[in-house]
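User: Please examine the model shown below and discuss its sheets, helix packing and selected residues.

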Amino acid sequence: MCGIIGVTGSPDSITVLLDGLARLEYRGYDSAGVALQVPSGLWIERSARGTESLSDLVAALDRAPGPCGAGIGHTRWATHGRPSEVNAHPHRDCTGTVAVVHNGIIENHFELAAELSASGHELVSDTDSEVLAHLIEASLADGKALVDAVRACVRSVRGSLAMVAVHSADPALLVAARRVSPLIVATTDRIGFVASDVPALLGRADVMYVLEDGQVAEVRPGEIRVVGADGEISVPVELKVDWDLTAAQKGGFDNFMLKEIHEQPAAVADTLMGRLSPGGTVLLDEMRIDDDELREVEKVFIVACGSSYHAGLVAKYAMEHWARMAVEIDIASEFRYRDPILDSRTLVVGVSQSGETLDTLQAIRYARRWNAKVLVVTNVVDSSMAREADGVFYTRAGPEIGVAATKTFLAQLVALETLSLYLAGLRGTLYPAEISDLLDSMQELPAKVASALGRSEEVFNLAAAYAASAEFFFIGRHVGYPVALEGALKLKEISYLHAEGYPAGELKHGPIALLEEGSIVVGIATRTRLWEKMMANVAEVRARGAVVVLVANEGDEETGSVGDATLWVPSTHPLFAPVLDVIPLQLFAYALARARGNDVDRPRNLAKTVTVE
Ligand code: F6R
């Protein structure tokens, strides 16, 4: 996590840095800071007022002394050291001539800090990152150039790192380095940039390159020179960027989350575009695993975190049902520690919006070490996972800035269901005519998503009625279960209310003890295979005095008559139902969070791209 931005050669460095930080805040916002090369040396300003940090910085930068050379900026998601000004980046060395921003975790920082202190360096923060500035200082004192000092520094640290350093002796130079944590470098003919992620530079740079693990880049105005870990000049990989600047702006909505919720019809349509042929064939052009290898797969593991995990759960139902493949699903952070049995006949499907989540990245790396085939479903072209996988299925939801996943979740659902149908076709577990019918139903989803969104006001009104409630249960069966988990996660993340998601049939094995008169239970009661059993579970909670809100299919008055309130969604094939059923839950969480005055784009304690384990 944490967002990094750097610029050199721009007549308006401050604007580039502040815009970049604003666009990177989804990576963390515990504090923000910049370092600028100004005529008197290195000028640093930092603020640690959480979501207000950036506005503090905007005010402070009005006072920046004189024209600027290179500048670096950072927005932090705290790991080591509480969010405070002294722990905010950029960090300085003892001379005040070196400044560093860092994303990642330095595992041996205690050891390094002790050695540095013993040799006379004064470390002032509680962070792991500060050692970087002092290690660079030590190498510069030995006569090394900044680029060599950064390379030496990278060699001496263990862990993950994306960093940018500046030194007042060479005010136009940025030196960037990467190991595991993502970093891109970019240029126009007169300006040089560094950033954690593409949205920070949309509309600014002509060409962007992704730094590979171990590479170090010297970035000057209009010029980039990259060296590998061995010190040899390397040619960086150019990034394919097909997002435009409007995608990274709010476009008239109050916040990114609502904008992204409303972009869901397009996200689903774009993800399906060109993938479904009229004859009923699924076309997956980015698949680099050949069909024969896929036919031989004996077992599938899906690995993911958070909302992506919930999308993976839906995929397990679809893949087992349609493709008749044995599927296990793992929370990515647990996967490699349980000694899973993997070999060349195993397919590991990593699901990750960002393609950078470290837990998932490490899980797929582990799978590759055991010769498993790795397929990644991600929204970010050329992300670390996309580059390391054997095959990639890109969701085409466009950049998602709001921290809570919405449109990328829907895009993952349709991507994974398309993949399941592809596997079913390959393995002959469905007739072509059956696949063709299912694909026809999928094509109807974008319009149905739009129709579900058309009921936003009804959901907002209902949420207003429950604004004073403190506790929510979400229950569902079959694919309604992952929807319940996702509904509860959305509510927790942005409203900070206590919410639990359960398989409805499991409630009676313990959690039902929590229910009391007036508890709010949201049930996913659309017409899937287990509807009758679901309704029996609903009756159990009603009998305990719970207030029941049901997600039901439009026109299904029978279900509608059971709950205290109903959230209506269009009907579809039962395995596609999560795509629609989750929409009122997103809107419900959104409305409750807004009613509580929360910043839905930047919920507390969270970051969008989680690059720590
Ligand atoms: C929830 C959310 C997180 C992410 C999780 C995985 O709204 O956004 O739970 O789903 O951190 O992130 P990705 O998909 O980027 O691997």
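The following exchange treats this predicted model element by element.

User: Which strands are the edge strands of the open sheet with the order E17-E16-E18-E19-E20?
Analyst: Five strands make up this open sheet, and their pairing is parallel. Neighbouring strands are turned by 20° against each other on average, direction ignored. An edge strand pairs on one side only, and this applies to strand E17 (326-331) and strand E20 (391-394).

User: Which residue of E20 is the bridge partner of Leu375?
Analyst: Strand E19, residues 373-378, runs parallel to E20 and is joined to E20 by four bridges. The bridge partner of Leu375 in E20 is Gly391.

User: What angle does the direction of helix H9 make with that of E17?
Analyst: Helix H9, residues 306-323, packs on the sheet that has the order E17-E16-E18-E19-E20. The strands touched by H9 are E16 (299-304), E17 and E18 (346-352). Relative to the direction of E17, that of H9 makes an angle of about 170°.

User: What are the edge strands of the sheet with the order E22-E21-E23-E24-E25?
Analyst: This sheet is open, has five strands and shows parallel pairing. On average, its neighbouring strands are turned by 20° against each other, direction ignored. Pairing on one side only identifies the edge strands as E22 (498-503) and E25 (565-569).

User: Which residue in E25 is the bridge partner of Leu550?
Analyst: Strand E24 (residues 547-553) pairs with E25 in the parallel sense, over five bridges. Within E25, Leu550 has as its bridge partner Thr566.

User: At what angle to E24 does helix H18 run?
Analyst: Helix H18 comprises residues 531-543 and lies across three strands: E21 (471-476), E23 (520-524) and E24. The angle of H18 to E24 is about 160°.

User: Is Asn87 buried or exposed?
Analyst: Asn87 lies in the loop between strand E4 (71-76) and strand E5 (91-92). Leaving aside residues up to four places away in sequence, Asn87 touches Arg76, Gly81, Arg82, Ser125, Asp126 and Thr127. The relative accessible area of Asn87 is 0%, and therefore this residue counts as buried.

User: Which residues of strand E9 are buried on its two sides?
Analyst: Strand E9 spans residues 184-187, and both of its faces are covered. One side carries Ile184 and Ala186, whereas the other carries Val185 and Thr187. The buried residues are thus Ile184, Ala186, Val185 and Thr187.

User: Which residue in E11 does Thr187 stand opposite?
Analyst: E9 pairs in the antiparallel sense with strand E10 (residues 192-195) over four bridges, and a hairpin of four residues joins E9 to E10. In that pairing Ile184 stands opposite Ala195. E9 also pairs with strand E11 (residues 207-210), again antiparallel and over four bridges. In E11, the residue opposite Thr187 is Val207.

User: How is helix H16 oriented to helix H20?
Analyst: Two packed helices are described by the angle between their axes and the distance between the axes. The axes of H16 (residues 456-465) and H20 (residues 577-595) come within 9 Å and cross at roughly 50°. That angle makes H16, relative to H20, oblique.

User: How many nonpolar, polar and charged residues form the contact of H16 with H20?
Analyst: H16 passes H20 in a right-handed crossing. Ser456, Val459, Phe460, Leu462 and Ala463 in H16 meet Pro584, Leu587, Phe588, Tyr590, Ala591 and Leu592 in H20. By class, these residues are ten nonpolar, one polar and no charged.

User: How are H15 and H20 oriented to each other?
Analyst: The axes of helix H15 (residues 445-453) and H20 come within 9 Å. Their crossing is right-handed, at an angle of roughly 25°. Angles under 35 degrees count as roughly parallel, so H15 and H20 are roughly parallel.

User: How many charged residues does the contact of H15 with H20 have?
Analyst: From H15, the residues Leu445, Lys448, Val449, Ala452 and Leu453 meet Val579, Leu580, Ile583 and Leu587 of H20. The classes comprise eight nonpolar residues and no polar ones, and the number of charged residues is one.

User: Is Ala595 buried or exposed?
Analyst: Ala595 lies in helix H20. Between Ala595 and Ala467 the C-alpha distance is 6.9 Å, although 128 residues separate them in sequence. Because its relative accessibility is 55%, Ala595 counts as exposed.

Key
Residues numbered from 1 in each chain as written. Predicted model: local features only at pLDDT ≥ 70, side-chain atom pairs only at ≥ 80, totals over all residues. Heavy atoms only, no water. Pairing = 2+ DSSP bridges. Axes fitted to C-alpha atoms, helices over the stretch in contact; angles between N-to-C directions. Contact = heavy atoms within 4.5 Å. Buried < 20%, exposed > 50% of the residue type's maximum accessible area, 1.4 Å probe, protein only. Parallel < 35°, antiparallel > 145°, perpendicular 65-115°, else oblique. Left-handed = near helix turned anticlockwise from the far one by under 90°. Nonpolar A, V, L, I, M, F, W, Y, C, P; charged D, E, K, R; others polar.
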